[in-house]
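Okay, thanks for making time, everyone. I'll put the structure up and then talk you through it.

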Amino acid sequence: MTARGGTSDSAPSGESGAERISDAEYAVMEVLWKRSPQTAAEVCERVCATRDWSMPTVKTLLARLVQKGALATQPDGRRFLYSPLIERRAYVGTESKRMVDRLFGGRAAPLFAHLAENEALTDEDIAEIERLLRELKK
């Protein structure tokens, strides 16, 4: 059961209609994608020091993510356990598509050209892209 009254079966899975997640919210989601469920205190243990956040900040971010339908809550005594309702892979796919659509007219080739021109691709990246392209051609 989520704080919104739904279950994880009725949650969004990263579809384009889902509400956007801020960079700060994404940091919280990364912690929960790695291990869940977790309490607010456990999430704070993993992000507060590196981001210079306090527990109230984490609780605010968790509440926003619950409101957006990205997290489920489960009562556990006097605290809540938080679990993702959006799969990381689905979220990354949606956000990647949004970026390519917005910045490169929905085409991947201009994205790779931009990365190559700005020396953002390592030799390892290029080898991986070539491997993926060979697999796609099969």
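I'll begin with the overall picture, then go through the aromatics, the disulfide and a few backbone details.

So, first thing to keep in mind: this is a predicted model. The protein has six helices and two strands. If you walk along from the N terminus, the order is α-α-α-β-β-α-α-α, so you can follow along on the screen with that pattern.

A few global numbers for the chain. The protein has 138 residues, and 30% of them are buried. The exposed surface comes to about 9300 Å², with carbon and sulfur atoms supplying 51% of that. And on contacts: if you take those with a separation of 6 or more, 56% are between residues 24 or more positions apart.

Now the aromatics. How many aromatic pairs does the structure hold? Three. The one I'd like to zoom in on is Trp33 with Tyr91. For anyone who hasn't looked at these before, a ring pair gets described by the distance of the centres and the angle of the planes. For Trp33 and Tyr91, that's 6.0 Å centre to centre and 40 degrees between the planes, which makes the pair tilted. To be called stacked the planes would have to be under 30 degrees apart, and for edge-to-face over 60.

Where do these two rings sit in the chain? Trp33 is in helix H1, residues 23-34, while Tyr91 is in helix H4, residues 88-104. So the pair ties together parts that are 58 residues apart in sequence. Are the two residues buried or exposed? Trp33 counts as buried, because its relative accessibility is 17% and the cut-off is under 20%. Tyr91 is buried as well, at 9%. And there's a third member here: Tyr26, Trp33 and Tyr91 form one aromatic cluster.

Moving on along the chain from H1. In the loop between H1 and helix H2, which is 40-51, we find Pro37. Have a look at the peptide bond that joins Ser36 and Pro37, because that bond is cis, with omega at about 0 degrees.

Next up, the disulfide. There's one by the count here, and it joins Cys44 to Cys48, with 2.0 Å from S to S. Why is there about one helical turn between the two cysteines? Because Cys44 and Cys48 are four residues apart in helix H2. The torsion about their S-S bond is about -115 degrees, so this disulfide is left-handed. Cys44 is buried, and Cys48 is too.

Last topic: positive phi values. Which residues do I mean? One is Asp52, with phi near 60 degrees, and it isn't a glycine. Asp52 is placed in the loop between H2 and helix H3, the latter being 55-67. With a relative accessible area of 71%, Asp52 is exposed.

Then there's Glu119, where phi is near 55 degrees, again a positive value in a residue other than glycine. Glu119 belongs to the loop between helix H5, at 108-117, and helix H6, at 123-137. Its relative accessibility is 73%, so Glu119 counts as exposed.

To wrap up, I'd keep three spots in mind: the tilted pair of Trp33 and Tyr91, the cis bond between Ser36 and Pro37, and the disulfide from Cys44 to Cys48. That's it from me; over to you.

How values were computed. Residues numbered from 1 in each chain as written. Predicted model: local features only at pLDDT ≥ 70, side-chain atom pairs only at ≥ 80, totals over all residues. Heavy atoms only, no water. Buried < 20%, exposed > 50% of the residue type's maximum accessible area, 1.4 Å probe, protein only. Contact = heavy atoms within 4.5 Å. Areas by Shrake-Rupley, 256 points an atom, 1.4 Å probe, with all protein chains shown as cover. Phe/Tyr/Trp six-rings, centres within 6.5 Å; stacked < 30°, edge-to-face > 60°. Disulfide = S-S within 2.5 Å.
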